[in-house]
Amino acid sequence: MPTVFIPSMMQKLTGGAEQVVVEGSSVRQVIRNLDKIHPGVKDWLLDDNQLKSNISVAIDGVITPMGLLEDVDHASEIHFVAAISGGTGSTSSRSRIPARSPLHRPPSPQFH
Amino acid sequence: MSTNNYEPNMVLSTKQFKVVGTRPVRHDGADKVTGRALYGADLQLADLLHGAILRSPHAHARIKSIDTSKAEALPGVKAVAVSTDLPAPGDQVVDIGEGDTPLKYVRDNVLASDKVCYKGHAVAGVAAINVHVALEAVGLIEVEYEPLPAVLTAPDAMRDDAPVLHEDLTTDELGEKTDKVSNVAKHFQFKLGDIEAGFAAADTIVEREFDTSTVHQGYIEPHNATVLWNNDDRIHIWCSTQGSFVVRDVTATVLGIPESRIRVTPMEIGGGFGGKIPVYLEPVAALLSKKTGKPVKIVMSRQEVFEGSGPTPGSHIKVKMGVTKEGKIVAAQASLAYEAGGYPGAMVTPGAMCVFAAYDIPNVVVDGYDVVVNKPSTAAYRAPGATNAAFATETVVDEITEKLGVDAIEFRLNNAAKEGTRRADGPKYRSIGCVDVLEAIKNHQHYNAPLEGPNRGRGVAIGFWFNVGLQSSCAINVNSDGTLALVEGSTDIGGSRTSIAMQAAEVLGLRAEDVRPTVVDTDSVGYTDVTGGSRVTFCTGIAAIEAAEDVKRQMVERAAKIWDVDAETVEFDGGTFRGVSNGNSEMSFKELAGRLGKTGGPIVGRATVQPKAVGGSFSGNIVDVEVDPETGKVTILRFTAVQDAGKAIHPSYVEGQMQGGSVQGIGWALNEEYYMSQEGVMANSSLLDYRIPTALDLPMIDTVIVEVPNPGHPFGARGVGEANIVPPPAAIANAIHAAVGVRMSRLPMNPPSLMEAIWAKERQ
């Protein structure tokens, strides 16, 4: 079964466990099964059933652009790492516009 | 290949190819040197209007009202745009930086709505018959501000009593959203091993704090944009950008329209270094064009570039490292607070990922803080975040080697990261060239040459950048004369057109000159991510290779059809097709290209790619300096840059990247800074006062290209555009220490800073 390396900031959800061996043949299945063992993991990693935009998946040290759809095998090391893209700072420069709670703003200025 | 007989500009090649690794003349060279290449400011269109931007005089103020009536009444003024002309952002968030960002922040950085967050923040735009009228009109717009106290550094902005930039910004604390309103947008942490046990096992511990100033990428060509909002509501943008698709998508998002209505034509670009990824002018010019029905061109002045575009973050960094008496690093801890500028998104995450990237350390903790301050909203700058971090780490490492009395390179080799080393953020390295770069430095004649004379010293440092892959597209049309027209979407900043063409030529057995590469608009090529993250020669190169393989496959089928044989029996090598089952009949690529019209029609090869196995790059420096102890001036006597290129596709361009990155690193080290008043006004917003090194300030930058092939690229290429800027400030700081015995902890290490350090040492 693949081994998930738990980021230090997420270890509060795994009772301090740094590695968890969990079933799954894709990253999506692994996360689903990990969430059954350690509830809250899915919400920590996913937003609208997609990886959060500041998180990338590395399989055996290689960042995969396939994210949740990437296949894994029994010997895979899975890491959730910060997403970087050099120039843009994110994994994708494509805009994504999911719903969010309204922002709290001060009164708007007057325009003439 | 290794050698001890170094000469300037050496390539330590491991594998030879026919085209890859050679140095053909760049395809855009003639246009560039004769002035025919068209940049954004050169663009002329019928009925073109000229725009100008009103910018905030305050670093932090609430906007109470804006009155544009006098400006609109000025003869020659055609339109004025303010933030209310943009659709309300609502509660939308967009992913255009480090994770999700409220659309309001993106929109407000284009045109401020309720607040200005830095001096130079855009408030309104004007379109007029010429730029002089536009500028006069800008002066007639009346804005009532309520000035607020400004906060300019990360440590100040992190204080509980600091002025708050955004009342809606709450801290994301270790992955959890909190209700705490503060200037700290995000605090994250990487942890490896047991840090307490690591330091307990250390015989020597060095802990230091460092500050780096805000610096600008310093690209020669200012930002510009020309936009035509056509009568059919389709928009055409011509601009200087590192990512035409990013301009398309962000502009569409800010304007609240579908991206399919926008076509972006990237003009030639006069430098970017990460700073030409954000969008500033395009939405404003679009609004003005919509209002007037005419194309509108806006070109920033140099002052606007400094004050209104995105420099790289200033930072406050703490580094603590523990080593055994045998010289093994057993624990390392860092805290990095980076200034994001007016809106969240400092490049602190990659900084945190790179801070100890060169070393195999079992116990590590790294904390990162993304902090908003009243300075321009920051952007990427060549290995964003890594230079600040390496300045701190490599200075501490130098102090450790001094305390232990060991050779600086031997110590680094003893602790170097290699394939299988686990990084602080979790994954293990694949194939990397850290050891190879250090070995090349150790063996280099420069490292072993005597350095004589008073106040002279030699320093070394190493740095890392991850590089990225992302997405690229490419198409290749076969011409009837056997040449290729290659179409791609990656803005060519450093000669990438040629390096991409060379990779296609290598596959098809042609000369680089037989391939004509063209960077086209967003309607004419598949989605292609930014020219950034040192990804173009790697990723768009793979797209070109796969498109060329597609051409080859189709050409083989045509040869088989002509010879009436099975395609599997046709071989292709060195630009010649051979029919193995047909008496070894031969046909050159050119001959076959001439027969396409009567064998099935034109051939177009195409590819879209999203490669995984990106190869990171290590870079190291040897630098000799001389310090004038009476003035504090530092003279660079000799500078050698060593970098792992995987495989140098075009060695001259790799050397150019290494030299350019080194020079920018030297400027960052010695001269460059946003010199800010307490009110947040940049006092040196011109290239006369913002001191970028010139050729007169520098010796020749000698280069050594190390080639540790990247298994994720068919020819072994790694991105080379960024890692070279990472080590120079630390190497120079270490050389200064060797010269005059002072440890510098602040960038820039300019004469006043150096004299303070020298006088402090004398007082001890």
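Two strands pair if DSSP finds at least two bridges between them. Helices (H or I, at least four residues) and strands (E, at least two) are DSSP runs, numbered from the N terminus.

The model is predicted: local features need pLDDT of at least 70, side-chain atom pairs count only at pLDDT 80 or more, and totals for chains, interfaces and linings use all residues. Residues are numbered from 1 along each chain as its sequence is written, chains are lettered from A and ligands numbered from 1 in the order in which they are written, and side-chain values use heavy atoms, with hydrogens and water left out.

**Exercise 1. Describe the open sheet of 5 strands in chain B and identify its edges.**

Solution.

Step 1. The strand order is β1-β31-β30-β29-β21 (chain B), and the pairing is mixed.

Step 2. The edge positions belong to β1 (10–12) and β21 (456–465) of chain B; each has a single partner strand, so one side of each lacks a neighbour in the sheet.

Step 3. From one strand to the next, the twist averages 15° (axes are lines fitted to C-alpha atoms, for helices over the stretch in contact, and angles run from 0 to 180 degrees between N-to-C directions).

Step 4. Helix α13 (residues 434–443) of chain B packs on this sheet and touches β1, β21, β29, β30 and β31 (701–706) of chain B, where contact means heavy atoms within 4.5 Å. The direction of α13 makes about 30° with that of β29(B).

Step 5. Helix α19 (residues 728–740) of chain B also packs on the sheet, touching β21, β29 and β30 of chain B, and its direction makes about 160° with that of β21(B).

**Exercise 2. Characterise the pairing and burial of β29(B).**

Solution.

Step 1. Strand β29 (residues 617–627) of chain B runs antiparallel to strand β30 (residues 634–644) of chain B, and 9 bridges join them.

Step 2. Within this pair, B:V625 stands opposite B:I636, and B:G620 has B:V642 in β30(B) as its bridge partner.

Step 3. The hairpin of β29(B) and β30(B) has 6 residues between the strands, and B:G632 takes a positive phi near 80° there.

Step 4. β21(B) and β29(B) run antiparallel and are joined by 10 bridges; B:V460 stands opposite B:I622 in β29(B).

Step 5. Buried means under 20% relative accessible area, exposed over 50%, and partly exposed in between (1.4 Å probe, protein chains only). Since 10 of the 11 residues of β29(B) are buried, the strand is largely enclosed by the rest of the structure.

**Exercise 3. Determine which strands stand at the edges of the open sheet of 8 strands in chain B.**

Solution.

Step 1. The order is β11-β10-β12-β20-β19-β18-β13-β32 (chain B), with mixed pairing.

Step 2. β11 (176–181) and β32 (746–747) of chain B are the edge strands, each with a single partner strand, so one side of each is without a neighbour in the sheet.

Step 3. Inside the order, strand β12 (residues 184–192) of chain B and strand β20 (residues 364–372) of chain B run antiparallel, joined by 8 bridges. B:Q189 stands opposite B:D367 in β20(B).

**Exercise 4. Establish how the buried residues of helix α4 of chain B are arranged and covered.**

Solution.

Step 1. In α4 (residues 131–138) of chain B, the residues B:V133, B:A134, B:A137 and B:V138 are buried.

Step 2. Seen down the axis of α4(B), the buried residues fall within an arc of 140° (the arc is that of the directions from the helix axis to the C-beta atoms), so they line one face of the helix.

Step 3. An α-helix has 3.6 residues a turn, so residues three or four places apart point the same way.

Step 4. The cover over the buried residues of α4(B) includes β2 (49–55), α2 (69–73), β4 (77–82) and β8 (122–128) of chain B.

**Exercise 5. Locate B:A544 and list its contacts.**

Solution.

Step 1. B:A544 lies in helix α16 (residues 536–563) of chain B and is buried, with a relative accessible area of 0%.

Step 2. Leaving aside neighbours within four places in sequence, B:A544 is in contact with B:C474, B:I476, B:L486, B:I500 and B:A504.

Step 3. The C-alpha atoms of B:A544 and B:A475 are separated by 7.4 Å, and the two residues are 69 residues apart along the chain.
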